[in-house]
Structures are given as structure tokens and as C-alpha cells.
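Below are some notes on the model you sent round. They are kept to points that can be checked against the coordinates.

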Amino acid sequence: MLLNTLSRSSRTQLRAQWSLAPFTRQRNAPWRGIAAVAEAPDTSTLPLAGIKVLDMTRVLAGPYCTQILGDLGADIIKIEHPTRGDDTRAWGPPYAKHIKGEHMDGPGESAYFLAVNRNKKSLGLSFAHPSGVEILHKLARECDVLVENYIPGALKKYGMDFESLSKINPALIYASITGYGQTGPYSSRAGYDVMVEAEMGLMHITGERDGPPVKVGVAVTDLTTGLYTSNSIMAALLGRAKTGKGQHIDVALSDCQVATLANIASSALISGKKDSGRWGTAHPSIVPYKAFKTADGDILIGGGNDRLYGVLCTKIGKPEWTTDDRFITNAVRVKNRVVLEGLIEEETKKRTTQEWLEVLEGSGMPYAAINDIQATLKHEHVLARDMVKVVDHPTCGPMKLVNTPVKYSFSQPSIRSAPPTLGQHTDEVLRDLVGLSESDIEGLRSEGVVA
């Protein structure tokens, strides 16, 4: 099926008209202390307003990247398989239950998918069909950015590789997220966060001192890769403003993981020696700096210098430790780590975590309770910083989501639309951006090209 061809002026007009429609604020939200999304947010002040992104990513690193771009005002067109959608739609429980619509008997929307897909429009599309490829080419012509996370070379047979699309749209910023990059001996490998954590050093330095290596509690390599990619795309957009040219951005989980080894990698490079291994919550060169047991939990304490160590000694009722030759400087405290940490924990076990928080309040001493996730999301500071919002999902109704974290003095990034249902915006995108008629769309739907 051939698609309608639009003139340049028609495409420009459609681009100006097409934007993410805001959800109406849920009035009388049932969660006290949690703000609901604002009515009709003004997107004109957002840094990326008017930038269109073709999102061909799945799972976490790519969707996290494009969600950041969406939060900053870009229009995100998320391409999903027409029947199963993004892989993470099936990653549950937990699911948010459907309370309306056609799929109330289904499991609902997965919490995993909901975490990284706000401020996007979903287009259910199969590009195994020539008509699907034609649609993608038309979208690539209209978009400023394309983000994909397929194995290198996988999109070439569809003409969706950078070389092919740069001929259609020379100004296109094309970002590829892979496990091991477009070059190198591992480039053909599929990349998953936990494998890269293991291969590229992070797992080796994570875990208790005498315990086995463990993965980080969230897929931090995926997340840092998403952050690097979003930054790189914005830099490329600035570069395009100067040159008028697009470019290919090659982002690998492996590279990003090596880069975020930071001072640990630097220490190994400078010393030429084997790293010091896992330290749990402790610090290899500062004592005391770790979690200590309390009467009912744990508290993290950081005595980063001699003055703060003295504050700690005073607060726990042991001022004489400041003049003890075994602990008088950080160097000797590191040498006598086991003894000092044991003495401190004998004291911290005598009170509850809350009691210690009250004792240390206002002391200038770095300290923190170790909270679980529910306690974190209900934390007074988290709520005061507006980090949890209520949004109105089209089929699940009101739900709580984590908000975008960065506050601007002029722009107001926000959750303008809830994560979409599969194919929620198919008709809208095909009609308004590609220029298809209703009959064209229904024909594609009957052939299984779109959903």
C-alpha cells in the first residue's frame, strides 16, 4: 500500500500542530502530600519543545533516554510491536489494573513499563511489512532524532540504518544504544545490564567485604547509558544548529560502565595495582564511613575528616576517642578500622535509628537512615521536592509515578502525559504526521501492519 505524499509546506504545518496532549489533573487526588499533574501545562518554555524523536528502543536504557528528552519537551513517537509492544509490558507483576477500556480482563500495565515511558506517544507498527518500513521512512524524514537499540546491522535490511536514513534526512541525529558498540570484538553480542556489570568491573567491586560479587539493586548501567545518550543527543542538536548536519551517535553499555568506574578506574590506572575489592557500605580510605547496626535497623555515618570524627565521638558519648592514639588521625583510623568500627557499633546498637537521627540532627555530621523503597517514596523530603506525582492513565485511572528530578527556574519539565497504552496514538500519528486517511489506516490495520 502506497502512502500519501505531503508537500514540504504541509509537513511543516503538521509539525507545528502535532504535540503531546496533556492529561487533565485528577481532582481530589486521594494521596495526601502528593501533587497531581497540572492542567494544560505550557510546553513553550521547555528546552526541547518542537524537537521530534523517533523512539525505536525497548526495555530500559533507550526508553530512559527518550523519557528524559520527553520530559524536556520533545515529542516522542514510540514504535512498538503491534501485538506485544515493548518487552517490558510483560515484565510483571506488579501491574496497574485496567479499570476501563477493552482489556479489563488482562493483567494491566506493568510497573516496569510505566517507570520509563511517560510523555510519549505509542505507535503500534510492524516493520517486517514493506508498508511499515515506508511509514518509518516518512517519520524519519520528519523527525529530528532517532534512537534505536538493536544489534549493530540489524536495521540495515529495512533501510533504517544511519547510512540509509541520512540520505533521506541529512539533519537527522541518529543514536544507537548497544551492549558493546558498533565496533570491537564484542560488537555482535547482545548486551544486558547485569552481564556488562559483570564484564566491566562493577560487580567485582559491589558487595560485602568478604562476600561474593553482587549486582547493583537497579540496572544502573542501563540508566547511566540512557543519561549519556540523552546528553549526547542534546549536544548533537546544538552542533546541528551550527553546521546543519546530523550525525551518528554510538553509545555502548560497556563504554558507559567503564567510564562510570570513575575514581576506582583511575586508581587502578595510576597505581598499576590490583583494586582493593568490595567494601560493602564502607570506604576504602575513610574511617568511620559505613552503615552501623542500631537497636532496630541501620544508620549510615560518614566521618570524612578529623573534625567530623570528633563530632561523632561527642554525639555518641565517647569524646575520649578523639585523643586515642589508635584513632587520632584518619590514617591510623584506617589502620585500626576493625577495632574502631566495632566500638562504634557497640554504641549505635544501644538506640533506635530514629533516636540516632534525632541525636545527630543539626550536628553537621553526614548521616542517614537506610530506608526501603516505600519509606523512600513517602519520605517528607521526597514529597516536599515534588518527586511523586498523580497522573490520570487512560485505562488504569489515577496512579502515582516518580516525577522528573531536575528543577528549572524558567522551564517547567513535568509529566504531561501518562505512559501510553499499546498503539494508543497510532491513528493520531499516522493521520497527523504521516498524512494517511482513515481508510488507509484501517487498511494497514487489517493487514496487521499497525495496531
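The numbered points below deal with this predicted model, going from overall layout to local details.

1. Domain layout. The assignment divides the protein into domain 1, made of 43-272 + 417-447, and domain 2, covering 289-369. Domain 1 is thus written as two segments, and domain 2 as one. The C-alpha centres of domain 1 and domain 2 are 44 Å apart.

2. Helix packing. Helix α2 (residues 61-71) packs with helix α7 (residues 220-243), and their axes are 8 Å apart. The angle between α2 and α7 is about 45°. That value falls outside the ranges for roughly parallel (under 35 degrees) and roughly perpendicular (65 to 115), so α2 and α7 are oblique to each other. As for handedness, α2 and α7 make a right-handed crossing.

3. Salt bridges, overall. How many salt bridges does a search of the whole structure find? The count is 21. Two groups of them are taken up in the next points.

4. The network around Arg89. Glu80, Arg89 and Glu109 are linked in a network of salt bridges. Arg89 pairs with Glu80, with the closest N and O atoms 2.8 Å apart. Both Arg89 and Glu80 are buried. Arg89 also forms a salt bridge with Glu109, where the closest N and O atoms are 3.0 Å apart. The Arg89 and Glu109 pair links distant parts of the chain: Arg89 is in the loop between β3 and β4, Glu109 is in strand β5 (residues 109-110), and the two are 20 residues apart.

5. Burial of that network. Is Arg89 buried or exposed at its relative accessibility? The value for Arg89 is 11%, and the cut-off for buried is under 20%, so Arg89 counts as buried. Glu109 has a relative accessible area of 7% and is therefore buried as well.

6. The pair Lys293 and Asp298. Lys293 forms a salt bridge with Asp298, and the closest N and O atoms are 3.5 Å apart. Lys293 has 42% relative accessibility and so counts as partly exposed. Asp298, with a relative accessible area of 25%, is partly exposed too.

7. Cis peptide bonds. One cis peptide bond joins Gly92 and Pro93, with omega about 5°. Pro93 is located in the loop between β3 (75-80) and β4 (95-96). The loop between β3 and β4 is also where Arg89 of point 4 is found. Another cis peptide bond joins Val287 and Pro288, where omega is about 0°. Pro288 sits in the loop between α9 (262-271) and β10 (289-293).

8. Positive phi at Ala262. Ala262 is not a glycine, yet its phi is positive, about 50°. Where does Ala262 lie? It belongs to helix α9, which runs over residues 262-271. With a relative accessible area of 45%, Ala262 is partly exposed.

9. Positive phi at Asp386. Asp386, also a non-glycine residue, has a positive phi of about 65°. Asp386 lies in the loop between α15 (380-384) and β13 (388-393). At 27% relative accessibility, Asp386 counts as partly exposed.

10. Cysteines. How many disulfides does the structure hold? The number is zero. For Cys256, the closest cysteine sulfur is that of Cys65, at 11 Å. A disulfide needs the two sulfur atoms within 2.5 Å, so the sulfur of Cys256 is too far from that of Cys65 for a bond. Cys256 is buried, at 6% relative accessibility. Cys396 likewise counts as buried, at 7% relative accessibility.

11. Thr352 and Ala369. Thr352 lies in the loop between α12 (337-348) and α13 (353-360). The relative accessibility of Thr352 is 23%, so Thr352 counts as partly exposed. Thr352 and Ala369 are 17 residues apart in sequence, and their C-alpha atoms are 10 Å apart in space.

Key: Residues are numbered from 1 along each chain as its sequence is written. This is a predicted model: local features need pLDDT of at least 70, side-chain atom pairs count only at pLDDT 80 or more; totals for chains, interfaces and linings use all residues. Side-chain values use heavy atoms; hydrogens and water are left out. Helices (H or I, at least four residues) and strands (E, at least two) are DSSP runs, numbered from the N terminus. Buried means under 20% relative accessible area, exposed over 50%, partly exposed in between (1.4 Å probe, protein chains only). Domain bounds come from an automatic or database domain assignment. A salt bridge is a side-chain nitrogen of Lys or Arg within 4 Å of a carboxyl oxygen of Asp or Glu. Axes are lines fitted to C-alpha atoms, for helices over the stretch in contact, and angles run from 0 to 180 degrees between N-to-C directions. Angles under 35 degrees count as roughly parallel, over 145 as roughly antiparallel, 65 to 115 as roughly perpendicular and the rest as oblique. A crossing is left-handed if the near helix is turned anticlockwise from the far one by less than a right angle, and right-handed if clockwise.
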